[in-house]
Amino acid sequence: MARKIFVAGNWKMNTTIASGVALANGLKETIGSISEVDLAVFPPHVYLKSIAETLAGSQITVGAQTMYFEEKGAFTGEISAEMIQDVGCQYVLLGHSERRHVFGETDDVINRKVLKALAAGLKVILACGELLEEREADKTMDVNERQVKSALEGVEEAAMANVTIAYEPVWAIGTGKTASPDQAQEVHAEIRKLLAGLYDEETAQATRIQYGGSVKPGNAAELFAMDDIDGGLIGGASLKVEDFTAIVKAAL
Ligand code: PEP
C-alpha cells in the first residue's frame, strides 16, 4: 500500500516569536505549496497561534509538542486538547522521549493523553524508542512494543487513521548518530507487525511510521526510501529553513 510520506518538525524549546515566525515564513515560501508530502511543524506552545496564522493558506499544518489529558481545571502549567485546537493545531506530539525521560511521563499517562487527543479530534504523532542500554541489552523490540501497545490501549481501529507512529531511538536523538536505514527498517517492520496483531493487516499497512533521530539533508533520502519508513520527525534540522526544506524535498 502506498502511504503518503509525512515529515514533521519538532522545534522543541527553541526560537523566539520573531525567529519562529521568520522560520515559518521561510518554510511557507520553500515548501508551503507541496501537497505530495504531508507536512507539520511543532512550535513551542506560546507561539502556536502566531505560527498557525503565519502558515494559514499553506500546506504546512501545526501541532503542539504535548498536552494534558484533562479538559480544564486546577492543573497549573498544563494546556488541554481543546486549547491547542483553539489556537489552530491539528496535531499533537505525544510520548516523545524527552517527555518520557526528562519529565517522567509514564506509559499510562501517555495512553490517557492519546485517548483524550483522539476523542477531541486531534491527530496524534505517537513517539516510541529505546535507550542505548536497552538496545545493547537486546531489548529494542520489547521496549518499542511495550510503549506502542500501552499507548494504544483502548484506541479503536477507526481512530488509527489519525495516528502516526514515530520510531525514535533515544540514542539517535540530537546526538548526530542516526540509525542506519537497515536498523530503522527492522524496527519499523516489527512495529507494523505489532499493529497487524493489535488491529489487522489493513490498519497496519495504512498507518504511517516516521523515523526520528538525527535526520539531516544528507541521510533523509536513504531513510525515506526504506519500505516501512514513511517520513520523519525532525528535531535540530527543522530549525533551519534550508535543512528542513532539503529533507522534505528528499521525500518527493
Ligand atoms: C526529535 O527530538 O524528535 C528528534 C528526532 O531530534 P533530532 O532530529 O535533533 O535528533
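This passage describes the nonpolar cores, the ligand site and several individual residues of the structure above. The model is a predicted one, in which local features need pLDDT of at least 70, side-chain atom pairs count only at pLDDT 80 or more, and totals for chains, interfaces and linings use all residues. Residues are numbered from 1 along each chain as its sequence is written, and side-chain values use heavy atoms, with hydrogens and water left out.

A good place to start is the interior. The largest nonpolar core (a set of buried Ala, Val, Leu, Ile, Met, Phe, Trp, Tyr and Cys residues joined through side-chain atoms within 4.5 Å) has 67 residues, and Val7 and Leu152 have the most contacts inside it. Helix α8, residues 181–198, supplies the largest share of this core, with six residues. Apart from it lies another core, of 10 residues, including Phe6, Ala40, Ala166 and Leu233. Here and below, buried means under 20% relative accessible area, exposed over 50%, and partly exposed in between, with a 1.4 Å probe and protein chains only. Helices (H or I, at least four residues) and strands (E, at least two) are DSSP runs, numbered from the N terminus.

Leucine 152 is in contact (heavy atoms within 4.5 Å) with Asn111, Leu126, Met160, Val163, Ile165, Leu195, Leu198 and Tyr199, once its neighbours within four places in sequence are left aside.

Turning to the ligand, 14 residues surround it, and Lys12, His96, Glu168, Gly174 and Ser214 come nearest; a residue counts as near if one of its heavy atoms lies within 4 Å of the molecule or strand in question. This shell divides into four nonpolar, eight polar and two charged residues. In that division, Ala, Val, Leu, Ile, Met, Phe, Trp, Tyr, Cys and Pro count as nonpolar, Asp, Glu, Lys and Arg as charged, and the others, Gly among them, as polar.

Oxygen atoms of the ligand lie close to both side-chain and backbone atoms of the protein. A polar side-chain atom of lysine 12 is 2.5 Å from a ligand oxygen. For glycine 174, a backbone N or O atom lies 2.6 Å from an oxygen atom of the ligand, and for glycine 235 a backbone N or O atom lies 2.8 Å from a ligand oxygen. Taken alone, the ligand exposes 290 Å², of which the protein buries 97%; these accessible areas come from the Shrake-Rupley method with a 1.4 Å probe, and for residues only the protein chains shown count as cover.

Asparagine 10 belongs to strand β1, residues 6–10, and is buried, with a relative accessible area of 4%. Its side chain is joined to that of histidine 96 by a polar contact of 3.4 Å. A polar contact is a pair of N or O atoms within 3.5 Å; within protein, one must be able to donate a hydrogen and the other to accept it, and residues adjacent in sequence count only if both atoms are side-chain atoms. Not counting residues up to four places away in sequence, asparagine 10 touches Phe42, Gln65, Leu93, His96, Leu233, Ile234, Gly235 and Ser238.

Arginine 3 sits in the segment before β1 and is also buried, at 15% relative accessible area. A polar contact of 2.9 Å links the side chains of arginine 3 and aspartate 230, while a polar side-chain atom of arginine 3 lies 3.0 Å from the backbone oxygen of aspartate 227. Beyond four places in sequence, the contacts of arginine 3 are Arg192, Gln205, Ala206, Thr207, Arg208, Asp227, Asp228 and Asp230.

Asp227 and Asp228 appear again around glutamine 185, whose contacts, with neighbours within four places left aside, are Met226, Asp227, Asp228 and Ile229. Glutamine 185 is found in helix α8 and counts as buried at 15% relative accessibility. Alanine 220, in helix α10 (residues 220–224), is buried at 0% relative accessibility. Leaving out residues up to four places away, alanine 220 touches Val215, Ile247 and Ala250.

Two loop residues deserve a friendly glance at their backbone angles. Threonine 15, in the loop between β1 and α1 (17–31), has phi near 80 degrees, a positive value in a residue other than glycine. Threonine 15 is partly exposed, with a relative accessible area of 24%. Aspartate 138 lies in the loop between α6 (132–136) and α7 (140–151), and its phi is near 65 degrees, again positive in a residue other than glycine. At 70% relative accessibility, aspartate 138 counts as exposed.
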